[in-house]
Amino acid sequence: MLQVMEQHLKSKYTAMFDQQQPYAIYMEDSLDSDFGKMGFGIMRYSPHPIACVIDSTQSGKTVREACGEPFDVPVVGDVKTALEMGAEIFVLGTAPSGGRLPDEWLSEIERALRNGMSLINGLHDRMEERFSHLITKENQKIWDVRVSGPDVPIARARAAKLRNKRVLMVGTDMAIGKMTAGLELYKWLLDQGVNAGFIATGQIGITITGKGIPLDAIKVDQAAAAVEAAVLEQQDKDILIIEGQGSLLHPGSTATLPLMRGSCPTHLVLCHKAGRTHLRNPNHIAIPKLDEFIQLNEAVANVNGSLCHAKTIGVAINTFGLDEALAKQELQKIEILTGIATTDVIRFGVESIGKQLI
């Protein structure tokens, strides 16, 4: 299954970098936090070899030993060691709150560039203008992933006229597994021989697939139009998976609405962290009952019947931290509550959701 997706990515992946170039993923003090989601996404899906992860607080361990994630990638303490292990591309694998560049990262970024490494930056701060003077090699590059494309005209719900199935990932919170659920569903569909496409809408998905729209870097009036343009570009796909961002519940997120308006989804998949009752930050906001939140997302997507009818076909639960028995118990409880196929797409697969589409 994963091999099918890797072959597809290799045919679509940007020519920005040679896929044989190994990554060093910078995750300083983030291996055991949600802020490391970019690094984990790259470890799970990138076609590039991963030479190491850099985190001085966990140096000498593997990622599996450091935090329990299923990757036997060695963790080292600095760029010097990463270079000795053959790393050629320095990837900022941590997404700090607000997406801004912490000052304490500067010395390692500069050291990597001065030693000939390329840089992949998923933060809002642009690195190319700031650090291009450090480029010394012909094939050395700085890729600012969150750079928006040209301005686009206002969205007009043109996706609603398409005949394909458009599946949007939605969530109860930030960093809840929307990209992971979307990519797992996408690769399962490819494995079934389905003519499927994937639209990356955040820095991790774009870094992995080499293509997409950095939604949170686009002017709010043009965000839905950017999504619409991406959907129309892949209108030949029978099933199109749209990576979700943010949450209707989160007071700091405006991403879900333009995703809904631009893609005019026919189906939704709700993503949630097992046991989470409140937003991670701000933590005073309670998460509604999942069946009620599903109704809210469907109502907003459908606009009382004015647009496509979007039906929730699955609930993707992140059960990391629970043993298998408790995880299955949690999934069963949610499936009974919602009446919708529920799974942890990493531990138990995505087939029960995928079968709702084919």
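**Exercise 1. Determine the strand order of the open sheet and identify its edge strands.**

Solution. The model is predicted: local features require pLDDT of at least 70 and side-chain atom pairs count only at pLDDT 80 or more, while totals for chains, interfaces and linings use all residues. Residues are numbered from 1 along each chain as its sequence is written, and side-chain values use heavy atoms, with hydrogens and water left out.

Step 1. Strands (E, at least two residues) and helices (H or I, at least four) are taken as DSSP runs numbered from the N terminus. Two strands pair if DSSP finds at least two bridges between them.

Step 2. The open sheet contains six strands in the order β8-β9-β7-β10-β11-β12, with parallel pairing.

Step 3. β8 (196-199) and β12 (342-343) each pair on one side only, and these are the edge strands.

**Exercise 2. Describe the pairing of β7 with β10, and the helix α11 that packs on the sheet.**

Solution. Step 1. β7 (residues 165-171) and β10 (residues 267-273) run parallel and are joined by five bridges. Valine 170 has leucine 270 in β10 as its bridge partner.

Step 2. Helix α11 (residues 290-302) packs on the sheet and touches β7, β10 and β11 (311-318); contact means heavy atoms within 4.5 Å. The direction of α11 makes about 140° with that of β10. Axes are lines fitted to C-alpha atoms, for helices over the stretch in contact, and angles run from 0 to 180 degrees between N-to-C directions.

**Exercise 3. Establish how β8 is paired and whether its faces are covered or open.**

Solution. Step 1. Four bridges connect β8 with β9 (residues 239-242), and the two strands run parallel. Phenylalanine 198 is partnered by isoleucine 241 in β9.

Step 2. In a regular strand the side chains alternate between the two faces of the sheet.

Step 3. In β8, Ala196 and Phe198 lie on one side and Gly197 and Ile199 on the other; all are buried, and both faces are covered. Buried means under 20% relative accessible area, exposed over 50%, and partly exposed in between (1.4 Å probe, protein chains only).

**Exercise 4. Classify the packing of α11 against α12 and list the residues in contact.**

Solution. Step 1. The axes of α11 and α12 are 8 Å apart, and the helices pack at an angle of about 55°. α11 is therefore oblique to α12: angles under 35 degrees count as roughly parallel, over 145 as roughly antiparallel, 65 to 115 as roughly perpendicular and the rest as oblique.

Step 2. Leu290, Asp291 and Ile294 of α11 meet Ile334, Leu337 and Thr338 of α12. The contact residues divide into four nonpolar, one polar and one charged. Here Ala, Val, Leu, Ile, Met, Phe, Trp, Tyr, Cys and Pro count as nonpolar, Asp, Glu, Lys and Arg as charged, and the others, Gly among them, as polar.

**Exercise 5. Assign glutamate 330 and leucine 326 to a burial class.**

Solution. Step 1. Glutamate 330 belongs to helix α12 (residues 324-338), and leucine 326 also lies in α12.

Step 2. Glutamate 330 is buried because its relative accessible area is 15%. Not counting residues up to four places away in sequence, glutamate 330 touches Ala274, Gly275 and Leu322.

Step 3. Leucine 326 has 42% relative accessibility and therefore counts as partly exposed. Its C-alpha atom is separated by 23 Å from that of isoleucine 294, 32 residues apart along the chain.
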